[in-house]
Structure formats: structure tokens, C-alpha cells
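Hi,

Here's the structure I promised to pass on. Have a look, and my notes follow underneath.

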Number of protein chains: 4
Amino acid sequence: MAKTIVTAALTGVLATRKQSEYIPYTAQEIAEDGKRAVDAGASILHIHARNDDGSPAYDIESYRKIDEAVKSLCGDVIINYSTGAIGIDRETRIHHCDALKPDMAALNMGSMNYAIYSPKHKKFYHDHVFENPFKDIGFFMERMKASGTRPEMECFDVGHINNVKPMLDLGLIEAPLQFSFIMGVLGGIPATTENLVHQSHQVPQGSHWQVIGIGRKQWRMIGAAISLGGNIRVGLEDNLYMPDGSIAKGNGACVEAGVNLVHLMGGQVASIAEAREILQIPVKQTA
Amino acid sequence: MAKTIVTAALTGVLATRKQSEYIPYTAQEIAEDGKRAVDAGASILHIHARNDDGSPAYDIESYRKIDEAVKSLCGDVIINYSTGAIGIDRETRIHHCDALKPDMAALNMGSMNYAIYSPKHKKFYHDHVFENPFKDIGFFMERMKASGTRPEMECFDVGHINNVKPMLDLGLIEAPLQFSFIMGVLGGIPATTENLVHQSHQVPQGSHWQVIGIGRKQWRMIGAAISLGGNIRVGLEDNLYMPDGSIAKGNGACVEAGVNLVHLMGGQVASIAEAREILQIPVKQTA
Amino acid sequence: MAKTIVTAALTGVLATRKQSEYIPYTAQEIAEDGKRAVDAGASILHIHARNDDGSPAYDIESYRKIDEAVKSLCGDVIINYSTGAIGIDRETRIHHCDALKPDMAALNMGSMNYAIYSPKHKKFYHDHVFENPFKDIGFFMERMKASGTRPEMECFDVGHINNVKPMLDLGLIEAPLQFSFIMGVLGGIPATTENLVHQSHQVPQGSHWQVIGIGRKQWRMIGAAISLGGNIRVGLEDNLYMPDGSIAKGNGACVEAGVNLVHLMGGQVASIAEAREILQIPVKQTA
Amino acid sequence: MAKTIVTAALTGVLATRKQSEYIPYTAQEIAEDGKRAVDAGASILHIHARNDDGSPAYDIESYRKIDEAVKSLCGDVIINYSTGAIGIDRETRIHHCDALKPDMAALNMGSMNYAIYSPKHKKFYHDHVFENPFKDIGFFMERMKASGTRPEMECFDVGHINNVKPMLDLGLIEAPLQFSFIMGVLGGIPATTENLVHQSHQVPQGSHWQVIGIGRKQWRMIGAAISLGGNIRVGLEDNLYMPDGSIAKGNGACVEAGVNLVHLMGGQVASIAEAREILQIPVKQTA
């Protein structure tokens, strides 16, 4: 059984301190909570930038501050930046990758409804079309190729995985391929073990994949992913709560729970160096 | 093994007589080719309207002419109108259902990339985001409910099937539910037997479903659907070619091949009356 | 998510104290280790009888001593006796159930090779045909029906699950049905998440099921089962080791690890009373 | 889509002329009906020997007569002899392969209940344990290796496929591997498309497989297999009836129906030469 790679999604941009006081906002907070995640076993940090009031930031300087703080505190951890946003032009979504050349960046692989429905209040709270046509997918792939950034291909349904095929044919991306299966967003594939098994069968042989479970089914999906030999993502971006329903007191606590799950299922967690070797992402030499 | 219900998708709007001289355009042509389909074993006709030059028509009068001609020639066949179109406002996509109260109409259950890629020419020929947010899904459901029209829920991926759940919770749709699994469009779920089995496991118990295979894998998907006890759709909208690769000389020929497949796998085809009973769609009494 | 029912398989008959000093042999040892399992969260105890030297015992008196000791120490815990044995006549395999009328007893649902192969030594250590023809399955079902004992149907492959169908047709068994999927025995279905998902799809609707993982993949299979909403079995009969590879210091430790897994995946463990209600096995009134 | 290889199972030993007058018994009858099968598109003939009264024959001479007659009438067709029998010693089950060195021979890969149950009469008509322990599997593999005969590994359940692994480890068999999934025997895996998809996922990459559907679900399973890119087996051994329920008037008619199915699903049937190339079974040079 290969070692499990643990990603911590530290902050996201949707939830705020009104929902959890533990969400890091500033570069320093992100780096410090990232450090706790790394100490607990994370080898990849997935990061969105925020302004000091918690609102989303897309400027290069915000990311540069994070980059410096994280590299200062978290050693060789694999850095993975967000590029996803609704209503933001694609240049702004990628320019920090050009500038900072992170190890990895998220890349959305298809379009879908992205919605939240409350059965209790019988209404939709969000009802967006999340648009990621092929011309945008290709745009992001080209830019990531130029900056030596590995795309973390985010797939919300079966078709999204298949969308890699024309990109491979066009030479816009090459093996090793790395997929994330996001499960549990209304509009995309539901969070069930059956669906996770099915997704894991769709990727080209030799690809890496992790599960990203949204909301309270996250922990169950993580257990399913470990049993399948996949990698896992935890952290406050995806779920503010611990398995027992209590508020997660920071990303360190989330990673600790994920690592415990790996151990209780008889597995082992990859160190940063092991994760870099498995994923073939060597440390970048800076001049 | 339940009897198989065969739908003929007579014309669509994408392919033209440049690609196949057998595509019916006018109301009279549609009704006559529909008659051949019915004689060969179809019990449902899925119909788009066209202008006399083959371009898509959305006006009520075009549909009314088709309605009269089909009812005149094809007896009690179940009539199923299109409501799908890219770049047409939703009022125009539904007004013919208000006016003509068909037995059934197609209803797209989610958003996705809708693309065509040519490996030979290394380019995309289409690259659209097919937008069907929940507010539109709800809009069409309400209007179909008002006209006593059964939604044929078109699902291009796993999440699209799940999208029915909030609609059920809101009372916008009720059992019996009827799903179509469209397979093989780039952006949606690929046309494989594994994927069809998976889709068939996603529907609420007691639901009806059919497969719609796009392009040359259509016949293989139809065979898979029959083996699973599902219903099938054939016709020039989905595939201009016979199983042996020759041009299909009309919808009658397509239905005949589909019916032969059902028979060769030990099954039987439902008559119009049997299809109406299975699907619980009685003949509408006109004043 | 329904509560998870945890069974502890306390002792089995294959492993001995040469392999683990923690295996209970005598009635008193079994009851005391059962108590630790119950305290840790088990609501069902699966028990084989042993002689004081650890060899398998099939006589009623051995089981009677266990019955008294367990009932004395473990309250209303659900008692599940073994009936499986190679080379023992079927009367001897069931007579303790006639006499003691346990809540539940294991019942093997099919035949298979039952083997152990060592890749290291390039040889088979066991190579038996485990024979359970339908006439024996029916024999055990009739006797369990007479003693008011719920069959725990042990299935080592897909066909074994299907074998319940003629038995249902003959009235030899009735709902609620309870299945165990044993995974990882050479000759039967391998221990993979894909296989567990597949097995879980085979049971008649409304059935209960648990996973029994043999050997070092046990913990991974337990995680997969929890993610699917199934029940789990732990204990020294199935696996002498903890998830980290260290020797398990008794059944209490095994149950504790299983319960932790349930909790870390966001679930809850059923109490004895809850397990009896879920499975519809009321406490038997003794005169 | 690779070409489909069609095997005709000409006669078996269970059914007799009381059930169908078209079953060939003698060497000459077998060769003549084999010729009709080949002319209709079969490239492999699976053959059991019979005495002139239709009872099973196991002697070398009976097989030698068949061998000569078939080679005389059916050109380079791939010859596949049975080795399966209940209650016959294993030497007798293999000696014709030693003597005649056929291209291929069937080899049972596991043990199971082999039963027939009549819901109508509420009774079992057969209830055998079909015993194939590993020592027998190894015995047959060694002998087939010595005679240059490709094992057609017959698998009645998931575990049977996995049983090839220790044999590979022991060097008793080598790639290319060839599996048959027998579906629909009570005791083994039921004949469903879900089960066939699952079986097809279990074989080592690069393996060949065909479906063998027993009884009236045969034609449905054949359609499912074609959709999955697998090979198919038809013929009077497996099913005496055509898809429409009428009696099959010989193996030629069975093959013709199978070939029609392949064609109607858009596929093509391999010639004998193509089948030999795909399976890597060259024509044996006789001195």
C-alpha cells in the first residue's frame, strides 16, 4: 500500500471568521497554520489569498507575502495555489502563478451548476453556472506549463476527468497527471463511495488522485479514498468541523484527524520529501 | 425482462441535408418519416421543428403543423418535443409546450461543456458552455406541470441525475420519473458500458430510463442498455449511420436496427399502448 | 448515516497462543475478553468454543459454559456462535444452537477453495475445498429457524449471496436478512473496496451486512465498509494485529481501534440495545 | 473497437437429443456442425466427446476421431477441448490433451456449488459441489504447458479469477491469459451486466476474455460482452434456444445470431487467422 499524501486546504475564500474563528486570513496566519498542518503530516498546502478583512485577494503581492511566509516557516512543503474564482478574469486568476512559479496550482476541468439548496428553507442559496470551457482550460494549462507549475486537475464529475483527453492530444499537459475528485457539491457528483470508486477508474493509468469531500461527508470520503489507495485533502476550506461535529481548532487539528484515519486503516503518511518523489515534483532551485 | 420502449429522435437541428439527404425538415416529412419509425416499432417520437431550409424553428406554428401531421399519420404515438437550445430565451423554448400540451418534452438537467474536438485537425469545432442552472430547470418543470407534459430529464453526467433531488423536495416534479442518459458528448460522461451501468444505479427506485448514444458508439450503448433492461433511443438526430457504417436511409431504418437488436438479445419491443401503460402516460382526451 | 454495529470475533479456532498470547481459550477467558470488547463498543460477540489446550471444541457443554459466563459478564450482548468447521459432521456443528438457542449463528452460504499460499516459500499451506452444498445450507437454516436463531450468512463471493434466493423461495429463511462479506481468503473474493461495493449491491433491499476482512487488509476494508454505511467485525479471530502492525493486546484493543475508525469518519457506534433494535433481535426471555 | 472472437460450444454432455434433435453426437456430426459454425463466423470450436448414444466419452480414441474429422472439414479453426467433468479422475480428464495437443483446453479455476433449482417444483434438481482445488488447477496447467495447449480459464465467480495469481507466481501459467466468465449457474455469479462489468475489471491487464451465458439470459450477456469489447461464446452446449425462444437448428444458427449481434452493435467478427493472431495461437506444425 503506497503512502498517503495529505494536502491541507488552509483557508479558501467562502467561509469567514463569523463561521469559524480559526480561519487564517493574513500571510502570517496562513503560514503559521500551515506550519501546524505540516507538523501534523501535510506535505502539500493549498492556498487562497485573502485581504486582512477576509475578503478574497487576487493580487500578486498578497500571494508573494504568503509565498515568503510559508517558505520561511514550512520548509520544502509543496505549495499549491488556487486559480478558481467566479466572476474574475482569467488573467487575474493566473498572474500569481506566472510571478511565483508555485509547485502546483488548481485547475478546473469542466463546467457545471454550482449550487447550495436548503431542504429546511426550501430554497437555493447559490445557483451559479461555474463556467470552464475548453479554451479556458487550455489557457491555464499553457500558463502553468510556462511557469513549471503542476496542474491539480479539479474534477466535479465524470466528464471533467475525460476532458483531459483533448488536452493531452494537443500536448497542453503531460504525465504524470494529478486529479482531484471534488464530491458533494450540488450540481456535481454526489459524495458516495460508489462514485469515488467510479471516478478512480476513469483516470489514465499511472495518474495520481486525491479526494476532496465538501461538508459533513468529508471524513467518510477520506476513509473511502484511503481504502482505495488514493490521496486525501483536509482543511478549513472544505469543512470547518471535526469528525465528531465540533469546530476544528485550526488546520493542524484537521490534518491530525486525517493522519489518524490513515494510521487506523493500516497506512502510512508520506513526508514532504516522499510526496515530492511520488508526484515527481522536485524542489525548485531559486537563483 | 420488461419490454423495451423505443424512441425515434427524428431530426434534431444540428445535422443538415448536406450530411444526409434523409433528414426530414417539413412537418409533412417529419410525420411521414415518423410513420415509418412507428411502423418499425417506435412508440415515442422526439421532435425538433425546422424551417423549410432546415434551420431550427422555435415558433408555435411550426410545431402546430408538426403536431397535426404526426397525429394524423402516427395514431396514438407518444409525442416528445425538444426544449433545448443554446442562445434562445427560455420562454421561446417552452411556449410550444404550453400551446400544444405534448405527452412529453425534453428537459436538460444540468450545465456542462458541450464541445467537439477533432484529433485529426487538432482543434475544437465547438466549445460552448451549455447553461442550465436550477432556476431554468425549475422554470421548465413548472411549465410542463401546467401543460400536463412529462419531463424527459436529459442527463449528461452523474451530477445531472442528482439534480432532480431538490426539485423533488420542492414539489416541482413527481414520480414516475423518466431519465435519459446522454453519452458520448465531449464535456459530459463518455459512452462506455461502465458509465451506463453507473448512471443506471443513480436514479431513484422505480424510475424509467433510456440511453441516448451520440455518434458511432450509439449502437454499442444501445446493446448495453438492452442488457440492463433500459429503454433505447435511435434516429437521425443522434447518429446518421447504420451499425455497418452505411448512411441510414431514414428513421425507419434506424428503428428497424434497434428493434432487431432487442430481438437478438431475447427481448421484446413495447407497442405504443404498452409504452403508455409502462410510463403511465395515457392518451390525452381532446375536447 | 445509520449507527455502525460492531461485532467482535473473539477467538476463532485457527490461531493459537503460539501466535498471540492474547487469544482467549476458556469460557472464563472468553467472557472476560468479551466484556472488554463490549466495554469498548461491541454489541455482538462471535464465538467459537475451545478446549483448555486451545484445540477446537464442538460439544454442547463447552458452549454452555461460555454461554453462562458471557451472559453473566456481558449483559444483553448479542451472542453469535460458529457453526463452520471442515471435517466435522453437520449435526455436531449445530447441536449447541439447538441446546442454547443463541441470538445468532454463522451460516456458510456456498462452496469454494479455502487456501493459503506463500509467495515467499512458493507453496500452498492450505488447499481445501470448503463444501457447503445447498442441502447443508437448508439443513442449518431449518435448525436455526427452530431454535429462533438468526443466521449470519457468510458469503465469500458473489454467488454465495445469490444462493439465498432459492432458500427464500423455499421459505427456509425470511427477512430481515443479515449478510457477512468475508474478503481476502484465497479462493474467495479478494479484499478490495471495489469488491466490497459490488457485494453490497447484491443483497436484497433492506438487508443488513457487515464486512469481515481477513489478515492485514482488514482495517482498510473496515474503513471502506463504514464509508458505505455497513457494519464491521473486528477481533482476534480475523486479525492478530493492530493497524500499526503491533500485536493486538486482546479483543478490547481491536474493538477500540474499530470504534475510533467509526468516530474518525464521522459516524457513531450502536449500543447493544440499538443493535438489537436495528437488527430486530429482541432479548430472549428465559423461563 | 477490436474484432470480436466467436467460439461455438458445439455439444457439451448434459443435454441430449431428447431436448434437441440438433445436438451433434458422433465425430462426423460434430465436424459437420462445426463446419456450419465456422462458415457462420466461429473461429474457435469448444468440443466435448460423446459416445454414439450421446453419453459422455473420455477416451483418447473418441477425441482422435473428432480431431481428424474437424481438421479435415474446418481448416485451421482453433480447437478447444473440454477437461471438465464431475466424478472422473483427473488423468482421464487430461489424457486426450497429452495425445492430441489441441490449441486450447478449458480449465476450471475454482470450486463452487453447481446446482439447478426449480421455483415451480420447489426443489433442487442438481446440488453438487464442483471441486477444483489448487492442486488440480496446477496439475492441469502443467500438463497443458507440456502439450502446448492454451488454458481457457473458466471462472464462475470473482475469486476464481483471482486464483490465477499464485499460479502465475509459481510459473505454471504465463501471459497471454485467456479467461471465460461463466454466468448464470446457481452457485456461481449471476448473469447480470453489472456482474460482467465487474468480472471484466478483475483480469490482469492485457488478458483476453469471453462471456459464457448459461440458459435464456445468454443472448443478453452476449450483447453486454460485445459492448465491453469482450469475446463471446454461443452454441448448443450453453443454450438450446434462439433469441426468440425457438429451438436452435444447429450450431450454425447459433453462430449466425451471435454474429448478427456483433454487426448490429457496430462491430466486426474476427476470422480464424485474425483470432489466431489476436490470441497468439499460431497454427501447429505437424511433422
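Let's start with the outer face of helix 10 of chain B: turned away from the buried side, it carries the exposed residues B:Ala273 and B:Glu277 (exposed is over 50% relative accessible area, buried under 20%, with a 1.4 Å probe and protein chains only). Helices here are DSSP runs of H or I with at least four residues, strands are E runs of at least two, and both are numbered from the N terminus.

Some housekeeping: this is a predicted model, where local features need pLDDT of at least 70 and side-chain atom pairs count only at pLDDT 80 or more, while totals for chains, interfaces and linings use all residues. Residues are numbered from 1 along each chain as its sequence is written, chains are lettered from A and ligands numbered from 1 in the order written, and side-chain values use heavy atoms, leaving out hydrogens and water.

Back to helix 10 of chain B (residues 272-279). Its buried residues are B:Ile272, B:Ala275, B:Arg276 and B:Leu279. They sit on the same side of the helix because they cover an arc of only 100° around the axis (taken from the directions from the helix axis to the C-beta atoms). Just after the helix, B:Gln280 takes a positive phi of about 60°.

Chain B also has a closed barrel of eight strands, running 1-2-5-6-9-10-11-12 with parallel pairing (strands pair if DSSP finds at least two bridges between them). Strand 11 (residues 208-213) and strand 12 (residues 231-234) of chain B pair in the parallel sense over two bridges, with B:Gln210 opposite B:Asn231.

Cheers

How values were computed
Contact = heavy atoms within 4.5 Å. Axes fitted to C-alpha atoms, helices over the stretch in contact; angles between N-to-C directions.
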